[in-house]
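Could you walk me through this structure in my viewer, stop by stop? I would like to know what to select next and what is there.

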Amino acid sequence: MTGPLQIVLGTISVLFLIVAVVFAYRAVRAMVRIIRTGQPDSTRFGPVGPRLKTMLVESLAHTRMLKWSAIGAAHWFVFVGFYGLFLTLVEAFFEVFDPAFHLPLIGAWSVWNLFVDVIGTGTVLGIVYLIARRQRDHPRRQGRTSRFAGSNFGRAYFVEAVVLVVGLCILGIRAAKIASGLDSAPTWSHPVSSALATVFPDNPDLVSIIAFVKIVVSLAWVIVLSRILNMGVAWHRFSAFFNIYFKREGTSGAPALGPLLPMTSGGKPIDFEDPGEDDVFGRGKIEDFTWKGMLDFVTCTECGRCQSQCPAWNTGKPLSPKMVILDLRDHMFAKAPYLLGEQTASDTAPDYDVLKPSDEQVWASGYARIEGTNDAQAHRPLVGTLEEGGVIDPDVLWSCTSCGACVEQCPVDIEHVDHIMDMRRYQVLIESNFPSEAGVMLRNLENRGNPWGMGGNVREDWMKELDFEVRRADGPLPYEVEYLFWVGCAGAIDDRAKKVTKAVAELLHMADVEFAVLGNGETCSGDPARRLGNEFVFQMLAQENVETLNGVFEGRVPGTRKIVTTCPHCFNSLGREYPQLGGEYEVVHHTQLLNQLVEEGRLTPVTPIDRKVTYHDPCFLGRHNKVYTPPREILGSVEGLSTQEMHRCKDRGFCCGAGGARMWMEEKIGKRINMERTEEALDLDPDVISTACPFCITMLSDALTSKKQNGEAGEHVEVLDVSQILLRSLTPVGVAAPGAESGADVGTKADDVAGLDSANTEHGRQ
Ligand code: SF4
Ligand code: SF4
């Protein structure tokens with residue numbers, strides 16, 4: 001069957017293969033060399049078993065991709081087609097020479113034939129669906145809200161075209177073989193190819209020609225991506241496995257959320273009491289990132305899932321987590337000759353003009369200000385304004401609320417929050433360059449131990465309104481005390497949060513839970529300082545607290561060092577960051593403990609509350625620590641409450657705007673995040689917007705007040721902590737419990753069964 005046509009096409013194919021292999025080898029070598037210029041990080045290799053398992057589950061089962069189910073399913077077929085049908089490419093090299101060729105051993109096996117037919121068809125249908133979705137979600141239709149805004153379309157189209165053509169060739173080769181009588185496998189083992197064969201001529205040359213097209217298109221793809229190292233839409237097919245394997249949470253396989261990592265320099269944690277002279281604080285240059293950070297950059301597929309969930313991007317800020325990663329990636333490659341020592345930067349920065357943002361350029365991209373590999377690229381600051389030619393604009397860096405939505409959504413486990421926080425650390429600790437308003441908060445933390453700068457003994461004021469004595473912990477806790485109640489700065493100082501503190505204390509007292517507080521001995525957990533980037537202040541506060549807590553829990557064995565807190569930020573710091581400083585405690589959020597008390601029958605909601613409520617997930621409780629159910633179960637235990645979910649909820653919840661120390665900065669760009677979230681809640685026409693975080697309460701309450709002033713929200717609507725609602729349902733009618741009294745008097749009027757005829761409500765029975 002081998003004629004002149006086969007010899008010509010076959011020879012070209014082999015020559016093309018040799019060229020492609022050389023290109024691919026050089027590209028992979030260059031890629032590995034560049035990534036290896038990153039700082040060391042020895043924490044990413046083990047444990048091997050759990051890491052391998054995570055990598056296999058996430059890739060083979062597409063567990064993270066399937067968060068977007070239809071797209072995930074389509075991508076799964078394309079993914080399985082790419083690897084599972086690799087042997088069809090090998091087979092094609094022989095089919096070019098001999099159209100009757102079948103793979104040895106499996107070529108005539110029905111199971112293999114069925115697999116090829118099903119996955120080949122799935123690949124074609126999958127890529128057609130993905131092409132259609134990219135067009136449907138194109139920025140020309142959706143503008144800035146498109147998740148693809150800022151992604152490179154030319155490269156994506158190229159990859160999509162290659163997959164479509166290769167998929168069609170796989171089916172086409174088989175159909176041509178069947179039509180030419182070169183395949184004797186039963187029809188059921190290749191149903192799609194058999195159907196296609198009815199329109200194919202009886203011509204063996206066609207098999208060689210289609211196989212040749214498949215080879216040329218496949219190898220052209222290899223050569224193109226070998227020449228374009230920042231083509232993440234193609235490179236992720238290889239790098240994603242490694243990126244998932246080396247992800248931060250190697251044991252659990254969870255996304256890189258919750259605690260921030262300790263600051264490292266040269267791969268070693270920095271000793272803040274005696275830092276080394278050469279220690280680099282944070283990331284001030286692209287080469288300060290670790291090799292894993294660089295692997296993150298090259299793995300970004302430009303899918304834009306992170307961008308679509310980012311509260312900053314969705315409210316008109318210049319921050320897109322996708323663009324941050326792409327800017328860092330493109331800068332890394334542009335600076336690569338300098339990183340590899342192939343070029344040497346001049347001693348002083350050259351004069352350079354920055355390219356002004358234009359219509360052709362994504363305005364949120366700082367990289368595009370200076371393009372190409374040149375001396376200016378080597379000298380430009382990593383974080384800087386347009387005039388400075390910064391790769392990342394300060395407005396981008398400081399817009400982040402550290403909500404974690406980007407990390408939660410990323411299908412290839414990129415660790416955006418850690419990178420953003422590391423860049424902040426450099427800006428704060430080395431450049432002293434951060435929003436001035438946040439400086440007041442830092443000074444207050446250093447001088448007064450709380451972000452408000454409140455002096456004196458105000459941390460115990462909330463106790464005065466309780467009709468029982470709250471035990472203060474001074475020295476080791478007595479045996480009978482089960483929990484230390486960590487009140488937190490907001491819970492002790494902010495008027496709205498103090499009501500929550502009182503409600504929780506009241507509930508614990510009702511349930512006979514023995515607890516104590518540190519009172520005036522408590523200081524800030526350090527979370528706002530750490531999220532701002534001031535690791536020094538965090539370390540100072542955290543060490544002080546660990547010392548205090550270790551004293552309180554002296555003599556207690558693990559399992560009995562229990563802390564309950566109402567603040568998700570303290571919950572995260574005490575429970576998941578203090579172990580970095582030797583503080584090991586069992587920290588629960590108040591919604592977890594209260595839910596447990598309800599389940600145990602120690603708290604029994606008795607008073608029905610006939611109200612509509614929607615629950616807002618605090619990011620540091622939900623996404624960062626996966627506590628989604630207890631607050632909802634508490635609400636579910638209250639008779640009469642009708643709960644509705646906002647469309648952005650649970651792991652896709654939308655930030656209130658206060659995280660990442662944004663609580664202490666002015667929000668000057670775009671729409672206010674708290675307004676966006678409150679409008680979303682008000683769309684459900686609720687009586688109560690509930691939440692479980694003092695900062696969320698402040699942000700949502702402020703926005704609700706503004707809405708009420710504009711007549712856009714009913715006067716009866718209120719923002720309440722879940723504990724306040726629970727307390728109202730426990731409080732006998734006519735008794736006003738401390739902490740439950742804010743807003744409308746739902747469930748507290750003497751003759752009003754849980755507000756059934758409360759004058760202020762729109763939704764109660766009349
Ligand atoms: S953490 Fe939140 S605000 Fe920051 S980049 Fe990610 S999604 Fe955006
Ligand atoms: S979700 Fe991940 S892969 Fe997708 S654009 Fe964002 S960083 Fe890149």
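Here is a tour of the ligands, the sheets and a few single residues. Keep in mind throughout that this is a predicted model.

**Stop 1: ligand 1**

Start by selecting ligand 1 and the residues around it. The surroundings comprise 15 residues, and those that come nearest are Cys310, Pro321, Cys400, Cys403 and Cys406. Colour the shell by class and you will find 10 nonpolar residues, 5 polar ones and no charged ones. Now turn on the cartoon: α13 (311-314), α18 (405-409) and α19 each supply at least two residues of this shell.

Stay with α19 for a moment and select residues 416-429. This helix has 14 residues and reaches 20 Å from its first C-alpha to its last, close to the 20 Å expected at 1.5 Å a residue. Is α19 enclosed or open to the outside? Since 14 of the 14 residues of α19 are buried, the helix is largely enclosed by the rest of the structure.

**Stop 2: ligand 2**

Next, select ligand 2. It is surrounded by 14 residues, the closest being Cys300, Cys303, Cys306, Lys322 and Cys410. Here the shell divides into 8 nonpolar, 3 polar and 3 charged residues. Two helices, α12 (305-309) and α14 (321-334), each supply at least two of the shell residues. Which helix gives the most to this shell? That is α14, with 3 residues.

Follow α14 along its length. Its 14 residues reach 20 Å from first C-alpha to last, close to the 20 Å expected at 1.5 Å a residue. Most of this helix is covered, with 13 of its 14 residues buried.

Then pick Glu302, in the loop between α11 (291-299) and α12. Its phi is near 65 degrees, a positive value in a residue other than glycine. Glu302 is also buried, because 22 other C-beta atoms lie within 10 Å and 20 or more are needed to count as buried.

**Stop 3: the five-stranded sheet**

Move on to the open sheet of 5 strands, with the order β3-β5-β4-β6-β7 and parallel pairing. Its edge strands, β3 (471-472) and β7 (586-589), each pair on one side only. Zoom in on β4 (residues 483-486) and β6 (residues 562-565): this parallel pair is held by 4 bridges. To see the two strands face to face, show Phe485, which stands opposite Val564 in β6.

Add helix α25 (residues 568-577) to the view. The helix lies across β4, β6 and β7, and runs at about 165 degrees to β7.

**Stop 4: the four-stranded sheet**

Now go to the other open sheet listed on this tour, which has 4 strands in the order β9-β8-β10-β11, again with parallel pairing. At its edges are β9 (642-644) and β11 (718-721), each pairing on one side only. On average, neighbouring strands here are turned by 35 degrees against each other, direction ignored. Select β8 (residues 612-615) and β10 (residues 688-691), which run parallel and are joined by 3 bridges. Val613 stands opposite Val688 in β10.

Leave β9 and enter the loop between β9 and α28 (673-682), where Glu645 is placed. Is Glu645 buried or partly exposed? It is partly exposed, as only residues with 20 or more such neighbours count as buried and Glu645 has 13 other C-beta atoms within 10 Å. In the loop between β9 and α28 you will also find Ala661. Its phi is near 65 degrees, a positive value in a residue other than glycine. With 28 C-beta neighbours inside 10 Å, Ala661 counts as buried.

**Stop 5: Val159 and Pro47**

For the last stop, select Val159 in helix α7 (residues 153-179). Val159 counts as buried, with 21 C-beta neighbours inside 10 Å. Leaving aside neighbours within four places in sequence, Val159 is in contact with Val233 and Ala234. Draw a distance from Val159 to Trp221 as well: the two are 62 residues apart in sequence and 7.5 Å apart in space, C-alpha to C-alpha.

Finish at Pro47, in the loop between α1 (4-35) and α2 (48-60). Look at the backbone just before it: the peptide bond from Gly46 to Pro47 is cis, with omega near -5 degrees.

Terms used:
Residues numbered from 1 in each chain as written. Chains lettered and ligands numbered in written order. Predicted model: local features only at pLDDT ≥ 70, side-chain atom pairs only at ≥ 80, totals over all residues. Expected span 1.5 Å × (residues − 1). Buried ≥ 20, exposed ≤ 12 C-beta atoms within 10 Å, placed from the backbone. Pairing = 2+ DSSP bridges. Axes fitted to C-alpha atoms, helices over the stretch in contact; angles between N-to-C directions. Near = placed C-beta within 6 Å. Nonpolar A, V, L, I, M, F, W, Y, C, P; charged D, E, K, R; others polar. Contact = placed C-beta atoms within 7 Å.
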